[in-house]
Amino acid sequence: MRIFAIGRNYVEHIQELNNERPDEPVIFTKPDTAILRNNAPFYHPSFSNDIHHEVELVLRISKEGKNIEEKFASRYYDAIGIGIDFTARDLQQKAKDKGLPWDIAKGFNGSAPISDTFIPVEKFSDVKNINFKLEVNGNLRQQGNTSLMLFPFDYIISYLSKFFTLKTGDLIFTGTPKGVAAVKPGDTLSAYIENEKLLEFQVK
Ligand code: MG
């Protein structure tokens with residue numbers, strides 16, 4: 001399976017990092033070794049002094065496809081979970097300054113904690129109006145709603161599938177709202193879709 005991720009999909013997050021608003025989705029990938037499940041702890045790596053949390057809704061692909069038309073895209077994912085796109089912001093900044101790839105800044109071990117539970121799509125009355133949030137040590141840090149995405153789920157799936165054949169079990173991180181910040185050992189991160197806590201783990 002592959003993990004795809006969309007950067008710069010929420011305007012206020014683009015602004016907080018002083019990034020340009022993209023004309024097309026910004027795509028990157030993480031290896032499957034980035035995944036943390038079962039609320040496993042995240043071990044803060046020593047190669048970065050600025051690991052940021054980015055809470056994101058995660059789509060689970062349920063059917064293989066390529067060149068998927070946007071109007072059919074909703075048939076290709078069946079469930080939505082929540083995850084953290086951990087980002088070594090210092091390494092990413094260095095790479096951005098030099099126009100180099102983000103792989104180590106985004107794809108290092110443990111950089112993709114995801115919920116064990118994915119909520120079936122049919123449970124949502126409107127996927128264009130899903131609230132999600134992240135608490136750190138019980139305090140609200142990030143809050144998003146899918147209505148605020150620059151590129152909605154169906155567009156993302158259609159766009160990605162022009163370049164990559166999507167396969168059953170692939171995951172798509174769909175972008176983070178504003179409020180990203182550094183984590184430190186001892187922090188507890190709790191991520192929610194609506195009011196349901198689906199992911200909770202410690203930084204060690
Ligand atoms: Mg992200």
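**Internal cavity and nonpolar cores**

A search of the whole structure identifies one cavity of 30 Å³ or more. The model examined here is a predicted one. The largest cavity encloses about 100 Å³ of space. Its lining comprises 14 residues, and those lying nearest the centre of the cavity are Gly7, Arg8, His13, Gln92 and Trp102. Two elements, β1 and α2 (89–98), each give two or more residues to this lining. The most is given by α2, which provides three residues. Classified by type, the residues that line the largest cavity are six charged, four polar and four nonpolar.

The nonpolar interior was examined next. The largest nonpolar core consists of 47 residues, within which the most contacts are made by Ile80, Ile82, Phe86, Ile157, Ile172, Leu189 and Ile193. At least two residues of this core come from each of the strands β1 (3–7), β5 (55–61), β6 (77–84), β10 (131–136), β14 (188–193) and β15 (196–202), and likewise from the helix α4 (153–163). A second core, separate from the largest, contains 15 residues, among them Ala34, Ala79, Trp102 and Phe118. Trp102 is thus named both in this second core and among the residues nearest the centre of the largest cavity.

The surroundings of Ile193, one of the residues with the most contacts inside the largest core, were considered individually. When neighbours within four places in sequence are set aside, Ile193 is in contact with Leu57, Ile80, Gly81, Ile82, Ile119, Phe124, Ile130, Asn131, Phe132 and Leu198. Two of these partners, Ile80 and Ile82, are likewise listed among the residues with the most contacts inside the largest core.

Notes
Residues numbered from 1 in each chain as written. Predicted model: local features only at pLDDT ≥ 70, side-chain atom pairs only at ≥ 80, totals over all residues. Heavy atoms only, no water. Core = buried A, V, L, I, M, F, W, Y, C linked by side-chain atoms within 4.5 Å. Buried < 20%, exposed > 50% of the residue type's maximum accessible area, 1.4 Å probe, protein only. Helix = DSSP H or I, 4+ residues; strand = E, 2+ residues; numbered from the N terminus. Contact = heavy atoms within 4.5 Å. 1 Å grid on protein atoms, 1.4 Å probe; cavity = no way out; pocket = protein on both sides within 12 Å on 5 of 7 lines; lining within 4 Å. Points joined across faces, edges and corners; volume = space filled by probe spheres on them. Nonpolar A, V, L, I, M, F, W, Y, C, P; charged D, E, K, R; others polar.
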